[in-house]
Each structure stands twice: as C-alpha cells, then as structure tokens.
Amino acid sequence: MQTEYSTSALPEPLNFIQDEVCNRPDLKKMKAIVYHKYGTPDVLELKETEKPVPDDNEVLIKVHAASINDWDWGLLHGDFINRILNGLLKPKRKVLGSDIAGRVEAIGKNVNQFKPGDEVYGDLSGQWGGFAEYVCAKEKSLALKPASMSFEEAAAIPQAAMLAVQGLIDKGKIKPGQKLLINGAGGGVGLFGIQIAKLYGVEVTGVDSTAKLDMMRSMGFDHVIDYTKEDFSRNGICYDLILDVKTTRSMFAYARSLCRNGVYITVGGSLGRLFQAMFLAPWIRLIRKKHIRVVALKTNKDLAYMNELYESGKLKVVIDGPYKLEQLPEAFRHFGKAAHKGKIVITI
Ligand SMILES: NC(=O)c1ccc[n+]([C@@H]2O[C@H](COP(=O)([O-])OP(=O)(O)OC[C@H]3O[C@@H](n4cnc5c(N)ncnc54)[C@H](OP(=O)(O)O)[C@@H]3O)[C@@H](O)[C@H]2O)c1
C-alpha cells in the first residue's frame, strides 16, 4: 500500500483515513491558480494540479482563505528582485499566495506543535503556494487561529500586521503622547498601524488618496491628508514618528517632517529609495538628530500578540472582498489599481 504522508504521528483512525486518501487518485489533485510566465493578472490560470505532500517537518493545510500582498504583485510581474528569488526567465514556484488560513489535514513525523483538525494561519513567504486548495507549511510559519476569528480575518492579518507591529513597536519604539503620521495609510499595513498606535494613546495622521479618506476617519485616524492635494512634507507640521508604506519622497523631505529626535520608519518602496534611506541614515542622524530606519520583515513573529488583541476586541480586520479562488485575476487587477480598502481576501 502506497502512503504519501508520514502518518506515524496521527492517531489510528486518522491514519486509516490518510491511507484511503492516498489510494484515491482523484484526491491527490487540487485546484490552484498557477502562472507559467511573469506578467499581468491575465497570466493567472485556474488549473488542476498535484496536491502537495508534506515532508517530515511540514504541515499539510486545507486552505480556507488567503490574502493578496504587495509581494505577490511583485512576484507576478517579475521585477528584478523577485526574478532573483523565483527564476530569472520564468517563475519556478508557480502558485503565489503567502498569507493563508485553514485547517491542518496531515502532519509530518517531526511536527509536534499541530495536529490534524487544528485551525491555523500564517505567512508562507519564501514558500508561497497559498492560492490553492492545499498547501504545505513549516511549523514555524503557523500559529493557531482563535476560534472566534474567521478564516477570512485570519488570512488578512499575517504580513501586513507584522509590518505594522515591527515598524511601530520594534523599530519606532512608539510612546504615549507622540504624534504619528502613516504614509499610505489606507492599505493593509496602515489599517493595522492605526489600531496599534491607538493602543499607545498616540495622535495619528493618515495620508492616502481621496477615495480612502472617509474609511480612514472611520478607523480612528485623527487627521487625514489627501496626497493628491497636499504634500505633508511641506505643511510645516512635525511628527515624532512617521511610518511609511510606500516611500514616495526623498529622505530629506521626511527628515523635514520629523521633530527633533523623531524617527522615520519605512516598510517598503522602490529599491532606490530604500538604498537612499540606508545610505543617508547615519548622516541625517549626525547632522539633523533625526532617525531613519528600515523594517526587514520577521514573518509571523507577533501572531500571538495579534491573537491577544483580537480576542480582547482590540483588533478589527478590514476585508476587501472576499473573492472566490477563480476570481483571483480580478482581485489582482483591483489590487493593481490600488482601489482596495484594507486587505483583499480570497476564499477557497
Ligand atoms: N520590509 C519588508 O521586509 C517587507 C516585506 C513585505 C512587504 N513589504 C512592503 O510592505 C508594503 C505593503 O504595504 P500595504 O500592504 O499596506 O500596501 P497596500 O495595501 O497596497 O497599501 C498602500 C497604500 O498606499 C497608498 N499610496 C499609493 N501611493 C501613495 C502616495 N504617493 N502617498 C501616499 N499613499 C500612497 C495606496 O493607495 P492609492 O494608490 O489609492 O493612493 C494604498 O492605500 C509594500 O511597500 C511592500 O513592498 C515590506
């Protein structure tokens, strides 16, 4: 009898089910959205592919929801950095999707934190494969999902919330009474950022485009700035902290908007701007007494904190959608137009 999974860690009845599964060719297949060349969302296709098989250190998850991140967009289009990561001429990993939530279906023999039936979520960046019915993940990429959190909410959290937490708390050392500005505030990171900032009693200004400002006010931003009408770096106001999602200005413009000893933190933007941030940081600190910091994402580090906030009613997850798996190209187009409010979620 051929067994594909390491079932030694499963209780006997589940072991039996697993063997049944492995003898059914139809159950070794799954639906996934795949791409074979870099390009626009038009290159994404719904296909039947091989169901993945977990190795000894992996968990097989039946995916219930996934969300789109900026990194998926970069991998789809194949910009320079993402071609280095996923193949110069064509994508090596053919299924995108890093943020997922689902139920554990099987575990490898070395897995001890999870068991079949557990509801889990996490960011599978580096491995990807989330826009599919099943995906395999390392234990360390997953956290248990609180029962009260829906799969859609859970899938929206990992990457954007980690960037917000690590930007504001780890790098920014946010403190009560400060004035914070979030640039690119109406997307995934910004909407987690405002909620974390409010727990610290901070006055928050959000910058984004016209269509997102009402939603941002409803999420608790004290002030909103429409970047199509006003340049915050020239309004004469200084901020103790700036969290930047897009890095659309020069480091000198950000330094101008910081109060003395203020901290600017970028989570992403063009490579040129990020290099500029790293190169100029020591000079701006020396001459202007202002600090420039860059977040390098530590995936899934603070999911336990997210669970705590969610369970105590302090975290609201803003979902755009949900879309069905077969609507993923449409969801990506929506993401590409930056028309989304919060996180675009796909249900599977
Ligand atoms: N540091 C790391 O290790 C790491 C890892 C993964 C991802 N990232 C980065 O994290 C970021 C993800 O952010 P996210 O999920 O919040 O993205 P998002 O959901 O796309 O939100 C970005 C927001 O910025 C707005 N925006 C665009 N141009 C702007 C401008 N000139 N001024 C102000 N706002 C502007 C967009 O709306 P409009 O277009 O309507 O204006 C959108 O609401 C990306 O930059 C990604 O590269 C970093």
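Biologist: How is the shell around the ligand divided by class?

Modeller: In this predicted model, the shell around the ligand holds 10 nonpolar, 11 polar and 4 charged residues. Glycine counts as polar in this scheme.

Biologist: What makes a residue part of the set that surrounds the ligand?

Modeller: A residue is near the ligand if one of its heavy atoms lies within 4 Å of it. The ligand is surrounded by 25 residues, and D208, S209, Y227, V267 and V295 are the closest. Helix 5 (158-171), helix 6 (188-199) and strand 9 (203-208) each contribute at least two residues to this shell.

Biologist: Why is the pair formed by D208 and the ligand called a polar contact?

Modeller: The cut-off is 3.5 Å between N or O atoms. A polar side-chain atom of D208 is 2.7 Å from an oxygen atom of the ligand, and the pair therefore qualifies as a polar contact.

Biologist: What makes the pairs with V189 and A338 polar contacts as well?

Modeller: For V189, a backbone N or O atom lies 2.8 Å from an oxygen atom of the ligand. For A338, a polar backbone atom is 3.3 Å from an oxygen atom of the ligand. Both values fall within 3.5 Å, so both pairs are polar contacts. As for its surface, the ligand taken alone exposes 950 Å², and the protein buries 85% of that.

Biologist: Which pocket corresponds to the space taken by the ligand?

Modeller: That space is the largest pocket, which contains about 1,600 Å³. Its lining comprises 47 residues, with D70, V245, V267, G268 and G269 closest to its centre. Among the elements that give two or more residues to this lining are helix 2 (70-77), helix 3 (80-86), helix 9 (271-288) and strand 15 (343-347). By class, the lining divides into 24 nonpolar, 16 polar and 7 charged residues.

Biologist: How do you know that a residue such as P52 lines the second largest pocket?

Modeller: A lining residue has an atom within 4 Å of a grid point of the pocket. The second largest pocket has 13 such residues, and P52, Q127, W128, G129 and V135 lie nearest its centre. Strand 2 (45-50) and strand 6 (134-138) are the elements that give two or more residues to this lining.

Biologist: Which element supplies the largest share of that lining, and how much space lies in the second largest pocket?

Modeller: Strand 6 supplies the largest share, 3 residues. The space in the second largest pocket is about 190 Å³, and its lining consists of 8 nonpolar, 3 polar and 2 charged residues.

Conventions:
Residues numbered from 1 in each chain as written. Predicted model: local features only at pLDDT ≥ 70, side-chain atom pairs only at ≥ 80, totals over all residues. Heavy atoms only, no water. Polar contact = N/O pair within 3.5 Å; in protein donor to acceptor, adjacent residues only side chain to side chain. Areas by Shrake-Rupley, 256 points an atom, 1.4 Å probe, with all protein chains shown as cover. 1 Å grid on protein atoms, 1.4 Å probe; cavity = no way out; pocket = protein on both sides within 12 Å on 5 of 7 lines; lining within 4 Å. Sits in = over half its atoms within 2 Å of the grid points. Helix = DSSP H or I, 4+ residues; strand = E, 2+ residues; numbered from the N terminus. Points joined across faces, edges and corners; volume = space filled by probe spheres on them.
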